[in-house]
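Colleague: I have just opened this model and would like a close look at a single part. Please walk me through the charge pairing, and then tell me what else in the fold touches on the same elements.

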Amino acid sequence: MEQELQNMPSVENFQTLSDIFKQLGDGSRLRIFWLLCHCEECVVNLSAMVGMSSPAVSHHLKLLRAAGLIVNRRAGKEVYYTAANTQQAQLLHHMIEDLVVIACPSKQNL
């Protein structure tokens with residue numbers, strides 16, 4: 001037990017993880033993140049894809065970007081978003097896909 005306590009991550013490490021998981025605690029934000037793992041899109045297109053207003057999607061994008069899960073690029077007046085090319089974002093994407101298969105009976109035959 002003493003060895004485990006010595007190797008235990010710091011309080012700050014656990015807080016960072018908690019902050020990332022909080023971002024995925026909202027179903028709409030989770031859907032937006034999942035979409036951005038598969039494509040690069042602007043706010044207007046994302047709004048149409050998820051059936052939400054552009055301001056609501058922009059709010060979710062701001063939170064995902066602050067958590068380091070997505071990145072953006074500007075092309076003229078348009079801003080395009082995609083999942084960050086980080087180990088954390090890739091791991092979360094794979095975890096989401098695996099959990100959907102396990103938790104959603106309609107996806108079990110994929």
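Modeller: Happy to! Let me begin with a term: a residue counts as buried under 20% relative accessible area, as exposed over 50%, and as partly exposed in between. Please keep in mind that this is a predicted model.

By that scale R73, with a relative accessible area of 40%, is partly exposed because its value falls between the two limits. Its partner is E40: the two form a salt bridge, and their closest N and O atoms are 2.8 Å apart. R73 sits in strand β2, which covers residues 70-75, while E40 belongs to the loop between α3 (27-38) and β1 (41-42), so the bridge ties together parts that are 33 residues apart in sequence. E40 is partly exposed too, at 34% relative accessible area. As background, side chains of opposite charge can pair when their charged atoms come close.

How many salt bridges does the structure hold? There are 2, and the other pair is K22 with D19, whose closest N and O atoms are 4.0 Å apart. The cut-off for a salt bridge is within 4 Å, which is worth having in mind for this pair. Here the setting is local: K22 and D19 are both in helix α2, 3 residues apart, so about one helical turn separates them. K22 is exposed because its relative accessible area of 51% is over the 50% limit. D19 is partly exposed, with 34%.

Helix α2 also brings us to a nonpolar feature. F21 lies in this helix and is partly exposed, at 47% relative accessible area. F21 is one of the residues of a nonpolar surface patch of about 810 Å², together with L5, M8, F14, L17, M95, L99 and I102. Two elements give two or more residues to that patch, namely α2 (11-23) and α6 (87-103). Helix α2 therefore holds both the K22 and D19 pair and part of the patch.

From α6 we can return to α3, the helix that precedes the loop of E40. α3 and α6 pack with their axes 10 Å apart, at an angle of about 110 degrees. That angle makes the two helices roughly perpendicular, because angles of 65 to 115 degrees fall in that class. Their crossing is left-handed.

Technical notes: Residues are numbered from 1 along each chain as its sequence is written. This is a predicted model: local features need pLDDT of at least 70, side-chain atom pairs count only at pLDDT 80 or more; totals for chains, interfaces and linings use all residues. Side-chain values use heavy atoms; hydrogens and water are left out. Patches are made of residues with over 30% relative accessible area and no salt bridge: like charges are joined within 9 Å, nonpolar side chains (Val, Leu, Ile, Met, Phe, Trp, Tyr) within 5 Å. Accessible areas come from the Shrake-Rupley method with a 1.4 Å probe; for residues, only the protein chains shown count as cover. A salt bridge is a side-chain nitrogen of Lys or Arg within 4 Å of a carboxyl oxygen of Asp or Glu. Helices (H or I, at least four residues) and strands (E, at least two) are DSSP runs, numbered from the N terminus. Buried means under 20% relative accessible area, exposed over 50%, partly exposed in between (1.4 Å probe, protein chains only). Axes are lines fitted to C-alpha atoms, for helices over the stretch in contact, and angles run from 0 to 180 degrees between N-to-C directions. Angles under 35 degrees count as roughly parallel, over 145 as roughly antiparallel, 65 to 115 as roughly perpendicular and the rest as oblique. A crossing is left-handed if the near helix is turned anticlockwise from the far one by less than a right angle, and right-handed if clockwise.
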